[in-house]
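This report covers pockets, ring contacts and charge pairs. Keep the coordinates open while reading.

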Amino acid sequence: VFPVMAVLCVGAYFVTGEFAVQYGDLKASIKKVEITKNELKMTNPRLEGHDAKAGSYLVTADTATQKASSPYVINLKVINGKLEHPQNGVVNLKANDGVFDTKKEELSLKGDLVVTAENGMVARLEQAYIIFKKQEISSDKPVFVEMNSSTIRAERMHMNGLTKELTFTDRVRVKLIKTPDQPVGKKAGDTDASAEASGDVVKRN
């Protein structure tokens, strides 16, 4: 929570020049702030924190707003994020809209949401929920993932950045993409029948 929300304002005030605040393990910096009676408007907010397993995260946005009635909640626009672990690599996030809970250090995202990983995985989602302390990303909306010469569609997805596991559930459809060294007898576009039958797929990278 940004302490300037405690200021009682009449009209609007502008604060320019970058400044930083810290709330627990969460560090935040802002380029510019507009303060009104009921709302705080921020330009280029930057939020940084750590998990319990030596990992870190970073969230930046073009703009953000914070209401006096919900001091722990920040609404973000045009978001870039990064989850990083020294052993498991980096996961990057992009989305149009998000809501960050500074108390829980959790973020919900939607709008042109894309998640990418160092191993080449690209996931396109309608929405997602991120628990930064656990480096977990989950979605209960349809997802489309490209990875390891295959594409996966599912109604739900859960990603554990610490164990590097991806779990897909509900109407899982896997399509293999032909590669130059594809084994004889396996055709491009063949589907993993067991994945469709069970409805669950776990990928370990």
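Buried means under 20% relative accessible area, exposed means over 50%, and partly exposed lies in between (1.4 Å probe, protein chains only). This is a predicted model: local features need pLDDT of at least 70, side-chain atom pairs count only at pLDDT 80 or more, and totals for chains, interfaces and linings use all residues. Numbering runs from 1 along each chain as its sequence is written, and side-chain values use heavy atoms, without hydrogens and water.

**Salt bridges**

The structure holds 8 salt bridges. The criterion is a side-chain nitrogen of Lys or Arg within 4 Å of a carboxyl oxygen of Asp or Glu. Three of them are tabulated here.

| Acid | Base | Closest N to O |
|---|---|---|
| E39 | K67 | 3.2 Å |
| E84 | K82 | 3.9 Å |
| E105 | K133 | 3.6 Å |

E39 lies in strand β3 (residues 39-43) and K67 in strand β5, so their bridge ties together parts that are 28 residues apart in sequence. Strands (E, at least two residues) are DSSP runs, numbered from the N terminus. E39 is buried at 18% relative accessible area, whereas K67 is partly exposed at 42%.

K82 and E84 are both partly exposed, K82 at 30% and E84 at 33%.

The E105–K133 bridge links distant parts of the chain. E105 sits in the loop between β7 and β8, and K133 in the loop between β9 and β10. E105 is buried, with a relative accessible area of 6%. K133 is partly exposed, at 27%. Elsewhere, salt bridges link E155, R171 and R173 in a network.

**Rings**

There are 3 aromatic pairs. Rings of Phe, Tyr and Trp (its six-membered ring) pair if their centres lie within 6.5 Å; planes under 30 degrees apart count as stacked, over 60 as edge-to-face and the rest as tilted. Y57 and F132 are stacked, with 4.0 Å centre to centre and 20° between the planes. Y57 belongs to strand β5 (residues 56-67), F132 to the loop between β9 and β10, and 75 residues separate them. Both are buried. Ring pairs join Y57, F100 and F132 into a cluster.

A charge also meets a ring. The charged end of K103 sits over the ring of Y72, 4.8 Å from its centre. The test is NZ of Lys or CZ of Arg within 6 Å of the ring centre and within 35 degrees of the ring normal.

**Pockets**

A pocket is an open set of points on a 1 Å grid over the protein atoms alone, where a 1.4 Å probe fits, with protein on both sides within 12 Å along at least five of seven lines; lining residues have an atom within 4 Å of a point. Volume is the space filled by probe spheres set on the points.

The largest pocket has a volume of about 230 Å³. Of its 19 lining residues, N88, V91, A117, M159 and K164 are the closest to its centre. β6 (73-85), β7 (89-101), β13 (156-160) and β14 (165-169) each give two or more residues. β7 gives the most, with 3 residues. The lining divides into 8 nonpolar, 8 polar and 3 charged residues. Here Ala, Val, Leu, Ile, Met, Phe, Trp, Tyr, Cys and Pro count as nonpolar, Asp, Glu, Lys and Arg as charged, and the others, Gly among them, as polar.

The second largest pocket holds about 180 Å³ of space. Its lining has 15 residues, and G98, V99, S108, L109 and K110 are the closest to its centre. The lining divides into 5 nonpolar, 6 polar and 4 charged residues.

How values were computed
Helix = DSSP H or I, 4+ residues; strand = E, 2+ residues; numbered from the N terminus.
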